[in-house]
Each structure stands twice: as structure tokens, then as C-alpha cells.
Amino acid sequence: MKLRAQFLITMFLFGIILVVVAASAIITNQQLEKAGQQERIAGNIAQGASELSYLSNDYLIYRESQQLKRWQSRFALFSEQVAGLNVDKPEQQALVRNIRGNQNRFKEVFDSVASAPGKPSQSQSVALDPAFLQVSWTRMAVQGRELVSDASRLSQLLHQQMDQLTKTDTMLMYVMVGLFGVFLLASYLLTYRRILRSIAILQAGTVVVGSGKLDFVIEEGKKDEIGELSRAFNQMTTDLKAVTASKADLEREVIERKRVEEELHRQREWLQVTLTSIGDAVMTTDASGRITFLNPVAQALTGWKPEEAVGQPSQSVFRIINEQNREPGEDIVQRVLQEGSVVTLANNTAIITREGLTIPIEDSAAPIKDDRGNICGVVLVFHDVTGKRRAQEALRESEKRYRSLFETMNEGFALHEIICDDGDRPSDYRFLEVNPAFERQTGLKAADVVGRTLYEVLPQSESHWVERYGSVALTGRPLRFNQWSEALGRLYEVSAFQTEQGRFGVLFLDVTERKRAEEALRQANEQLEQRVQERTGALTQTVEALQKEVKQREWAECELKLANEQLASRANQLRALAGELTMAEQAERKRLSRILHDGLQQHLASAKIRLGGVAEKIGDVDLKQAVDEIDKIMGESVTMSRSLSAELSPPILHESGLSAGLEWLARWMRDNYNLAVDLSIEDKPRLPEDVKIFLFESVRELLFNTVKHARVLRAQVRMRQMDGAGLRITVSDEGAGFDPCQLKSAGENGGGFGLFSIRERIGLIGGSVEIDSARGKGSRLALTVPHGQAPAAPLAADCMCTLSGQPEEVALKDQGATIRVLLADDHALFRNGLGRLLKNERGLEVVGHANDGKQAIELAQQLKPDVILMDISMPRVNGIEATRVIHRQYPEIRIIGLSMYEDQEHAQAMRDAGATDYKTKGCAAAELVAAIGGVRKREKPSPEQKPHGDEKGRGMRSKRTAGVPTVD
């Protein structure tokens, strides 16, 4: 095949492959950008669904037009985000369809409530049907959770798609680099060396023929241009032997020789074009090491033009150094000329351009030999490796960071693979990888667990571990829960998530000692209260004794002096106890927000809903107007309670995190104290609940200090993550300032702006407080907390103790045809009110009251009632655990769960424990009485009453895994 044809075919094939790979890379980058955009939209949808649920709840209770407008505005933005979803894969498209369907159903439910008869005015709110309100509330909660779940799952799938596209893009880059290398090598081996060798043979033959040896035959080689030229030379020598010495023959010989020389010159030009087209830098020298040729790539890398470089020594044009020590590199041209073999550039080699730039390069130099094997020059082939070096360094740095995090993190981590039986049900799981913290948290060695299954390592392990983790690995829905491990004898806080289909990762923390410490702290508080009472009584006795001594003047000065000394000692003790009592009161204030929200506010909301139901049944106009006025007063009470609860503990802090809580605090300080807060949040960290609340309260306390002492109208709050140091929050102002050295200790009067309390509390979690202030120069206070603080979680009631006290009320009556009811609730007001309500109902008899779950268990054993109304949230033993114990011992007793919560998780938890029904405390009295009366119609539990039996339970399990919270 002709050289020209070979070159064209090679270039054509390489061009096609390069275009295909480049097009694939471009398409992959476009898909990656699209997937990233869709992932951000999915995250915004999940956040928007949560906000819509919150706004819906407010509107359902208060029915204010401003709340309706806020909901409609937020829903319009949410709809635009949903409309912007455009995915390609079937699984992602199915999630998008679910999101859009849930969006429409969510709006239909809300529109049905918004369009209900009677719009509220400014002076009066119209109560909806309680049953309608409860159903609408429940449906919107379910749709909101489904929207959040589907959006989170879609975001996870898009993130996985982005990872795959990134890998594909990287692979295409490597393929392109490999293609360049293969093309250059093929060009060098198949074209360059072959042409030079053929030209050298032809040149040597022409020299011999030119010397007059017409019998010499040049090797013709292959059927290409050089072969044709060789055959022409051979034919020419043959013809010369046959011609005469005439002038005409000699002229023809000259003409033929000129033609051959022109052809040879044309071949040389074609060879130069070929070398110029190569993608790598190519440079040639002669036998003395002087430059003879540079292609355009070499010109660009060296900065030399051909007319300036040709004839220059190779060391002047090809200046190389060692990148690490900047020492001059080896003269590889002279080495090739001396050794006559291929020489590869050393590692870390860089070329110095004519402009002084340093460019890392790599490749080799090879000798150019004639047909007799003599070295007639050197060819240098090299290319820029800057991009390759950066990619390798980035990859090494990424691997280093991942390994450092994996090895040093405080939480235990393990990667598992689920094992299923023949029925595709999870039966076991295998340990694939664990980190050092896993060994510390469990006491198990990595060498003993990796590659083995759970029941091989811990044969006595409970089956619920496999069931929960199997749900995560097969469905992809993450779980977070607290669970006691009988096999290890420890309590763990666990977070499980799917890494790929059939595999899951687990982050966990041993919280056994923390729970024990919390219990010890609770006991210490009880002992402190007892000591206060004892010492107060002792002081009272001392005062009485002193009064008696004053009346008895005969004891005179000696006894009076002794009494005064005793009184002074008691007073000192009382002051010390007062300090301790102040600390106890501070801890008690933390419970105030929960009491307002879960106690007073829930009672008021429940009474308001019931009062609305009663108003509909009243026919007397005056009485109905009075009831409406009471309803309005109770609505205002709910609003005041909600406002106070929000000030003590804002709900947005617990629902959306510290960042959203600080944004709320900035608005609240502006509205209530006219203090403009410049808030800067560089990161939005995910913090444990106790650390989050502490930081929020600390920032609020510091802003209060700014209002009271700094005498300015503006303050700055900045929150950011510190590399290796944790989270840092800075509160600063340009006000009056203070002298930190003059701050008094925590136990002295009037000292410290509350800073010592903050410093002591932050020290308990490993943090610190920095104070930078001076009088007249403003103040700057920085709070720093480390990463990895575990959130406090309540212990589940796992045992029952003997009841020390007696039940409040036990009324045993005839057990004929009446239904005997036991009331279990820690709120005496609600319990007594419910008792009076049921007392007036025919066929119902209240046989006892229990103020906690432990007392409910004992009364169930003593009285064996037909029905138990069980509150979920109770001290000592909660309602869920009490229900589980009673149902296991007395399955014939029907249990109806009660709670202020309306979510399906609490309802499902009660049904899992054995309850036959679940009602909210805000439901209508008739509805609760009907639920109790339903036990007449069934002697044993029907399929609808069994755990997981009703349609709502099955629907909820299809959407998420039901968990049993330890505290309601």
C-alpha cells in the first residue's frame, strides 16, 4: 500500500475514533450537569413539602386569610419546582409521577378545607367539623411525608447517576489519552522509522550508482513510493549499461536523474508534512547534536521558531531540569549518540521554555540510523503532562481525606451485605468492612467479623436487627433509632442507610454510659430537693427555738450568743442551698416550653375543637353567642400559648435545624427589641439536638446582653465550620463593651452577663468560649463546639418495679352488661374530666385511674377491665410499653391509645404494641364513646383490630418502616 494511502487511512480512522470519544465526553458532561440540576430541584421539593405541611397545620387550626395566602404563594413556588423535574430513567420517572400525584392530592385536600362553608372574619373564626378536620389533617400529613420521602429518594438516585456519569467521563478521558499514545506510537513505528530506513537505503544506493557501479541493484522493498523510486533507479542503471556514449543518451540520462531527484525531494517534503502532523512534540538533530527539525507542537512547548532553532545545539533549545531539586537534566541527545539506544526521560522532568516557563513533560529519545546502521541523528518525542499530574494529585488527595475520615471518626461504621432466604426475606447479613471506632463501640475485632455473618459472630443476636437492616438494604429507606443489644449488653444510637441494592451502611454510637449518667443526674436532683426540704425544716426548727430562747430571758447572754451562732451557721447553709436551688430552677426552665406545647397548648386546642362541636348542637341564640365568645377567648389563649412556647423553644429550631432557628431569632430580636442582627451562615451543620438547643439559647442570651448593656441597634452573628476544630459561632457588636477581667464569678451577685453559665455548660461538651472586649470598643464572643457530639435520647422503659403508692381512685361495681373502663393518663385534669364524661354515659363504668404506665399495669392485673384508655406519654413506663405488657398478659383487654399527636407513627406504634384503636385527645366526645362502645360487638379481636391489620396501617407500612419511640 502507498505511504500516502496509509497515512490518510490512519488519520481518518484516528479522527473518527477521536470524534466519537469526544462526542461521548460532551454528552456525558451534559447529562452530569442535568442530573446535578435535577438533584438540587429534588432537594428543594423535599424542603418545600415540609414547609407546606407546617403552613397547612397553622391554617387548619386558625383559618386566617394571611396564612392561606402564604400557603398559596409557597405552593405556587413548589409547583414550579415540581414542573421543573425532567428525568430519564424509569425508576426516576416513577418517583416524579408519584411526586406530581401526591402534589395534586395534597392540593385537593387543602382546597377542600379552604373552600369549606363559612370564611373566618377578623373577629370570629368558624370551627370546622372535628371529624373532617382530623381526616384532612391526617391526609395532608401523609401526603407531605410521601412527598418528602419520594423527593429524598429521587435526590439519592440522581446523586448515584451523577457518580456513574463522573466515572464514565473519567474513563473517556483516559481513553482519549490512550488513543493519542497509540496513534503516536503507531505513526512512529509504522511510518517514521520505515520511511527513514527506506530513504537511507535509497540514498546509499544512489551513492554507489553515482560512483559508476552500474551493476549495483538497490533493494526495492515494498510496493510504495520509495519502492517505486528504487525500481526506477535499478531500471536506470540497467538502461545506462545498454546505452551508447552518445550525447543524446547522456542527455536522457541527465533528464532521468533530475526526475528522480525531484521525486526524492517530493518524498522528503511529504515526510516532513507527516512529522509536522503528529500530535506530540517532535524534534530531530544531526550526528553532532544540532537541531535539524521541529514540528509545531515542539515549537509551542519550547518557544523556539524553526528558523531560529535549526543549527542550534540541542542543549540550548531542549533545556530540561528536575522538577523537585531544579537541577539541570541529563543531556539525553549525547547519551543516545553514545549508546545508540532508546532513552526514556527521567521522572519529574520539566522543560524550560524560551520565555522561562516550566512545563512537566515525559517521553523518550531514539537514534536515527542509515541503512548501514550508522547513527546519523537523534529524534526526540515528548508531550506536556501538566493535566495528568493534576488529576493524579487530586485523586491521591481525595483518597487520603476519605481514609483519614474513616479511620478517625468517633462513630462506629460498618458496611454490610444482606442475605435473603428462598422466599427473598432477610435472614442474615455479612460484615464487609468496619472502621476502628467499630471495634471500640462493640468490643469486636475487625479480623473476627469481616467476611462473616451476624449469626456466625453473635449467634444470640435478636432477629429485629436483621429485619430492620433488611428493610433498609432492599427498599432504600434510611432508618434512625435507639436499640438495646442483648448480645453486646449495650444501648446504641443507630443510623442505617442503603449504599447500593442489597447493601447498607450503619453509623452507630454507644450511649449506654450517657444514659446511666442521665439517670444518676436525675437521682442527684431528687436528692438535692430532699436536702433542701430537710434543711429548710431544720432552719424552721432553729427559728422556733430562738423565739423560745428570747421569751426565756433567764438564759440571758450565754444562750443568746449560742443561738446567734447557730442561726448564722444555718443562714450560711441556706445561702448555699439557694445557689444550688437556682441551678435546679435553670434546669427546670428547659422543660417549660415542652409543658406549654404538649400540655397547656394541646389542652386548649383540644377544648377549642370540642367547644366548636358543642356550639353546632346549641339552638339557643344567646347561649350559642356565649359559646362563640368562649371559643374566641380560647383561640386567643392558644395563640398566646403558642407565642410563648415559640419564644421559649421555637419549633423551627427542632424541625429545620440551627440555621433556620438563628434566622427566626434574628427576626424576633428585630420585632421585639428593635435590634438589627446581621446574620451570616457559611455552613448549615447537622447537630445533635442537645448541642443545637444549647447553641441557640447561648446566642439568644448574648443578644439579650447586647440589648441590655451594649446600647446599640445592630449586632453581628456569624456561624461557620472550622477545619478540624468544629463549629464556631461569633456574636459581636460595636457598643459600649466591657472589661473581661472584671467579670465576677458565677456565685457572686450581679456578675458576668450570664457568660460563666455558658462557659461551664459548653465545657461539659468539650467546647470553649473566647471573649474579646474592652470598654468603648465593642465586644466579640466566640462559641466553639467540636464535631461528633451525640444527641441525648431517652431510655425506653425495659423493666417494671413494684408500685409504691396506691391508685388515686378504684370504683368496683357490678360487672353485668356494663363496659368496665380503666383511665391511664398522667394529667389529672384531663383524666378527671374524662371520668366525669364517661360517668354520664349509659353502659359505661369507670373502675379506676392510673397516673402512669406502671400503675396502669398493676391496676389491669387487679381489676381486669374491659377497656383501657391509655395515654402514650407517661412517666416511668410510657403508654406504648405498658400496652405491650398488658396485651401480652391479658389479650382479652381492649386498649385504646390516646395522645395529642396526630401522626401515623404514634398510631402504628400503639397498634404494634397491641392496641385495638387510636384516638387523639382533640377528637369529639361522641367519637371516643363510640370507640369504647364498640367492644360490645366483638368478643375477640377482629382482623381490623390486630396489629398491622387495618388499611391505614398497611398503607403506612408501604411508605415507611414503623418505629416504636421510647418516649411519646
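These are my notebook entries on what I looked up in this predicted model.

**Entry 1. Overall counts**

I began with the whole protein. I counted 29 helices and 23 strands. The protein has 968 residues, and 41% of them count as buried. I then took the contacts between residues at least 6 apart in sequence, and found that 65% of them join residues at least 24 apart. The exposed area comes to about 52,700 Å², of which carbon and sulfur atoms supply 53%.

**Entry 2. Cysteines**

How many disulfides does a search of the whole structure find? I got 0. I also looked up the exposure of two cysteines. Cys-376 counts as partly exposed because its relative accessibility is 40%, a value between the 20% and 50% cut-offs. Cys-420 has 30% relative accessibility, so I entered Cys-420 as partly exposed too.

**Entry 3. Aromatic pairs around Phe-110**

My search of the whole structure for aromatic pairs gave 20. For each pair I wanted two values, since a pair of aromatic rings is described by the distance of the centres and the angle of the planes.

I took Tyr-59 and Phe-110 from the list. Their ring centres are 5.3 Å apart and their planes stand at 45°, so I noted the pair as tilted. Tyr-59 belongs to helix 1 (residues 3–62) and Phe-110 to helix 3 (residues 90–114), so this pair ties together parts that are 51 residues apart in sequence. Both Tyr-59 and Phe-110 are buried.

Phe-110 also pairs with Trp-71. Here the centres are 3.8 Å apart and the planes are at 10°, so the pair is stacked; the cut-off for stacked is under 30 degrees. Trp-71 sits in helix 2 (residues 65–83) while Phe-110 is in helix 3, so the parts tied together are 39 residues apart in sequence. I checked the exposure values as well. Trp-71 is buried at a relative accessible area of 1%, and Phe-110 is buried at 0%.

**Entry 4. A ring cluster and two arginines**

Which residues do ring pairs link into a cluster? I listed Tyr-429, Phe-431, Phe-438, Trp-465, Tyr-469, Phe-481, Tyr-492, Phe-504 and Phe-508. One of these rings, Phe-481, has Arg-468 over its face, at 4.2 Å from the ring centre. Elsewhere I found Arg-354 over the face of Trp-304, at 4.0 Å from the ring centre.

**Entry 5. Helix 15 and the loop after it**

Helix 15 (residues 463–475) has 13 residues, which should span 18 Å at 1.5 Å a residue; the end C-alpha atoms are 18 Å apart, so the two values agree. Which residues of helix 15 are buried? I noted Trp-465, Val-466, Tyr-469, Gly-470, Ser-471, Val-472 and Ala-473. Of these, Trp-465 and Tyr-469 are also in the ring cluster.

I then looked up what the buried residues of helix 15 pack against. The partners are strand 8 (412–420), strand 9 (426–434), helix 14 (454–457), strand 10 (479–485), strand 11 (490–500) and strand 12 (503–510).

Gly-476 follows helix 15 and has a positive phi, near 85°. Pro-478 is in the loop between helix 15 and strand 10. Is Pro-478 buried or exposed? Its relative accessible area is 59%, so I entered Pro-478 as exposed. Leaving out residues up to four places away in sequence, Pro-478 touches Ala-496 and Phe-497. Pro-478 and Ser-495 are 17 residues apart in sequence, with 7.4 Å between their C-alpha atoms.

**Entry 6. Helix 21**

Helix 21 (residues 658–673) has 16 residues. From first C-alpha to last it reaches 21 Å, close to the expected 22 Å. I listed its buried residues as Leu-658, Ser-659, Ala-660, Gly-661, Leu-662, Trp-664, Leu-665, Ala-666, Trp-668 and Met-669.

**Entry 7. Positive phi outside glycine**

I noted two residues other than glycine with a positive phi. For Asn-674 phi is near 55°, and this residue comes just after helix 21. I placed Asn-674 in the loop between helix 21 and strand 13 (676–681). Asn-674 counts as exposed because its relative accessibility is 53%, and the cut-off is over 50%.

For Asp-424 phi is near 60°. Asp-424 lies in the loop between strand 8 and strand 9. With a relative accessible area of 61%, Asp-424 is exposed.

Key: Residues numbered from 1 in each chain as written. Predicted model: local features only at pLDDT ≥ 70, side-chain atom pairs only at ≥ 80, totals over all residues. Heavy atoms only, no water. Disulfide = S-S within 2.5 Å. Buried < 20%, exposed > 50% of the residue type's maximum accessible area, 1.4 Å probe, protein only. Phe/Tyr/Trp six-rings, centres within 6.5 Å; stacked < 30°, edge-to-face > 60°. Helix = DSSP H or I, 4+ residues; strand = E, 2+ residues; numbered from the N terminus. Lys NZ or Arg CZ within 6 Å of the ring centre and 35° of its normal. Contact = heavy atoms within 4.5 Å. Areas by Shrake-Rupley, 256 points an atom, 1.4 Å probe, with all protein chains shown as cover. Expected span 1.5 Å × (residues − 1).
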